[in-house]
Amino acid sequence: MNTNVFSYLLPGTGSHVASWWNDLFSFVMWISIFFFVLLIGITLAFVYKYHHKKVDKVIDSHGNTSLEILWTIVPTILVLFIFAWGWLVYKKMHRPPAGSFEVRVIGQQWRWKFAYNNGKNTVGELIVPVGKRIKLLMTSEDVIHSFFIPDMRVKQDVVPGLYTALWFEATKPGEHVIYCSEYCGGLHSNMLATLKVLPHDEWLEWWRKQEKTERDLSIPPEKRGEGLATKYACTSCHSVDGSALIGPSFRNLYGRTEKLTSGRSALVDEDYIRNKILKPNSDGVVGYPQVMPSFQGQISEEEIMDIIAFIKSLKD
Amino acid sequence: MYSDTATDQEEKNNYLNHSKGIKSWLTSLDHKRIGVMYLFSILIFFLIGGIFALIVRTELWGPTKTFIDANTYNQAFTYHGTIMTFMVILPLIPSAIGNIILPMQLGARDVAFPRLNLISYYVYMSGALLAVITLFVGRVDTGWTFYTPYSIRTGGATILVLAGAFLMGFAAILTALNFIVSVHKLRAPGLTWTKLPLFIWCLYATNIIQMLATPVIALTLMLLTFERLMGIGIFDATLGGDPVLFQHFFWFYSHPAVYIMILPAMGIINEVIPVFSRKNIFGYGGMAFAVFGIAIVSFVVWGHHMFTSGQSETANFIFSLITMFVAVPTGIKMFGWIATMYQGSVRLDTPMLYALSFLFVFLVGGLTGVFLATLPLNVHLTDTYFVVAHFHYTMVGGAIMAFLAGLHYWYPKFVGKMYLELPARIGCLITFVGFNTTFLPQFVMGIRGLPRRYYDYPPEFTQLNQVSTVGSFLIALGIFWTFLFLIISAYKGAKAPRNPWGANTLEWNTSSPPYYENFEKQPIVTRGPYEYHS
C-alpha cells in the first residue's frame, strides 16, 4: 500500500480506507511529536537554566495576555482542522456505498457466524472476493460483541435487538484477523475469525460449490463427528485433551457420572449428550457456567449421532 | 506577610496528640483526622487494586494460560478497574488530601459540616466493604463498565458491587456539598475569591461535577439492579429494552468522573510548581477559568466512549467536535505550568520531581486523547490497548503522580517530620521508569489491533506484553519503596518547621503537625497565594 514512516506501529493496510486512515494518523502523530518535543524540551531547558543554584534573582510575573491568547487560538485551530479531516474520512469509511455485496454476520458467545445471500453459511471465516465492496449487516444473539478487522481499520459493535453495519473493500488477496472487541464474558479473547480475501475466480469457484449436504459415508462416524464439532464450534468451549475450558472436556466424558445442579447425578450416555445439545441448560453440570447455546433446529439427528461417536472415541 | 500565628502552644496541642486512643480517631469530627482515615483506607484499597493489576499482568506474560483460567482473569480485571476507579482514584485527592488541606487553606477551623464529614467516611467505607466482600461471595466478571446485556445475565455478586458503588457515590456527594459550603462561608478575612489558592478552585469545580453527575450513576446502577432482580426490561433487548441506553447513562457520569479524578490532581500541580519555582503562577485567571471550562465541557462529551456503539452519525459528529475542545483549556494549563518556571528559581525536591513527571505523562495522555477524539482514528483504536494506555497515562500518570507530589509536599505538615529526600527521589525515579515501561508498549499493541480485556492474545504480541509486565512490577517496587521510606521518615525524619518550603498558602501558617483547631488566632490574608516577592 503506502509505506508509512510509522509502519512499525501499524497493522497491515488492506484497503484504500486503511490507507487514508494511515495518512490522518500520521498527521496527528507528527503534531503530537512536535508538541511533545517542544514542551518537554522547553521544560527541561527551564529546569536547567533556572535551577536555583544558578539563579540570583527571580523576575516575577503574573502572566502575559497575548501569549495566552496565542496558545488558546492556535490549538483551537489545530484541533478543528484535525476534526474536519477526521469527519471527511469518517464519512467515507462509515457509509456503505450503494451496490455493496452484502453478507450477514451473527455474533454469538463465542463465535462469528456468516450467512451469504445464496444460502451458504460459514463459521469463523468470512470469505469475500478481492476488489469488491463488502457490506456486513450484523446483529447479536446474546450480548454485545464488536466486529473488528484491524487491517481494514473498521469496527462496529454487534448489538442484540438491532442491526449495525460496516463496509470495506480489500485491495489484495490475503488473510486478515477478525477480533471480537467488546468484552462478552468467558472466551471473549478466543472469539476470533479470519477474513479470507480470494482472487475473483477462486472466490467464484467457492461461491458456486454446493455445501455438502450428504454425509460422507466413506469415513468412520467419529471422523464425521470431529468435523461437526469444529463446524458447530463445540470445541471452542469443550476441549478434547482433558483441560477445562468453559464446559466439561470431551475427553473421558462418555461413561462418566456428572453431578447436576438439581442435586441428582447423571450417567453420560447417548441420551444425556443428545439432551445437552438440544436443551443444554435445563439442568446444568455443577461447577460450569450455564451458557451453552441450544442447537435445536440447527443440527440433524444423524449429525448428533456422529458427534456422539466422536465424543465416545476420546477416551484414554 | 500573613499574620504569623504559629506558636509553641499550637505544637503542643496538635491534631495527633490532642486526644489518644482508637475511639478518639473513629469518632473524631476533626477534618484532619477524617482525612487521615480516608488516606489510610484508600491506600489499603490501592494495594488490593494493585495486586489485581499484577495478577492481570502476570497472566499476560504468555499468549495462552500462564497461571489462571479465563474466568478468573475476567474477574481480576473487573476488580482491578472497579477498585481503582471507585475506591481509589475518585476519592483519593478530594477526600483524603482535600479534607486535611481545604479548611486550612481557607483559614477556617474545620469544614462547614464536621459531622456530615464523618458520616461521609462511614458511608464510603460501607460501600467499599460491600464491594470487597464480593471477592469471597460470588465475585464479579463484568468489567468495571458493567455493560448490558452481559451484566444482566452473568452470575455472581454483581448487585453487591453496584450497591457498593452507589454508597461510595453518596459519600462523594456529601463531601462535595460540605466543601462547596465551606468555600462560600468559611473564608478567612481578606481571602477574596481572586486570592483563593488554585487547589481550592480545582476542588470546587470537582465538587460541582460530583454533585451533578454522581446521582446519574447512582440511578443507572439502581436500574441495572432492578433489571437483574425483576427483569423490568429497560436494558434487555429480549424484553424490548435497549442495551445501548445503559451506555449513555453510564458514560454520562463516567466521563465527568474522569475529570473528578484529574482536576484535584491539577490542583496539586498548581500549588507545587509556583512554590518550587518561587514564582507566581502564570495567568492565575486563565488557570482558574480553564478548570471551569474543562468541568463544563466534560458533561457534553460522553458519547465519545460510544462512537462504535451503533449511535447515529449526528451524535458522533457532535461528540467528536466538542471533545476536541477539551484539549484547549487543558493545553492552557500545561502551557501555564511551564511558563511559571520561566525566570523562576527552580528547586528539584521530590514534590517538584513528581510534578515534572506529571507534566511528562499527562502530556502523553492528553495528546493520545486527541487521537481518540478523531472519529476515524477512534473507530480503529477504541476497545484496544491504545485506550487502556491512554487512560492509564492520564489517571495513573496524572492523578497518582500528582497525589505523590502532594503527599510529599504536605508530608511535613501532616506528620511534623521531613521525609527522607534521597530515598524519595529514588522512589520517584523507579515509579516513573516503571510506569512508562508498562504503558508505552500498550500504545503499540493497540495500534496494531490488540483488543483490551483479552485473556489470550496472538503470539506476535508476546514481546510487547512481557515488557509491559516487567514495567508493572517496577511500578510495584517504586510504590513499595516510596511508602516504606515515608513510614521510616515518620520515625527517622528531621523535625519539620512550620513552613519548610516557604509557601504562602494558609496551611503553612500553623504548626507542623497542625494545631488541633488549625489556628489559635484567626489568620488574616493580605496578599495572593503565590506572591513570593513584593
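Trainee: What share of the 316 residues of chain A counts as buried, and what makes a residue buried?

Mentor: In this predicted model, 32% of the 316 residues of chain A count as buried, because each of them has 20 or more other C-beta atoms, placed from the backbone, within 10 Å of its own, whereas 12 or fewer would make a residue exposed and a count in between partly exposed. Residues are numbered from 1 along each chain as its sequence is written, with chains lettered from A and ligands numbered from 1 in the order in which they are written. As the model is predicted, local features need pLDDT of at least 70 and side-chain atom pairs count only at pLDDT 80 or more, while totals for chains, interfaces and linings use all residues.

Trainee: How do you know that chain A is not a compact globule, and what is its radius of gyration?

Mentor: The radius is taken over C-alpha atoms, and the globule rule is 2.2 Å times the number of residues to the power 0.38; for 316 residues this gives a value near 20 Å, but chain A has 28 Å. Along its principal axes, the C-alpha trace of chain A spans about 90 × 50 × 35 Å.

Trainee: How many residues of chain A are in contact with chain B, and what makes two residues a contact?

Mentor: Two residues are in contact if their C-beta atoms, placed from the backbone, lie within 7 Å, and on that definition 68 residues of chain A are in contact with 69 residues of chain B. Helix 2 of chain A gives the most to this side, with 15 residues, helices being DSSP runs of H or I with at least four residues, numbered from the N terminus.

Notes
Helices (H or I, at least four residues) and strands (E, at least two) are DSSP runs, numbered from the N terminus.
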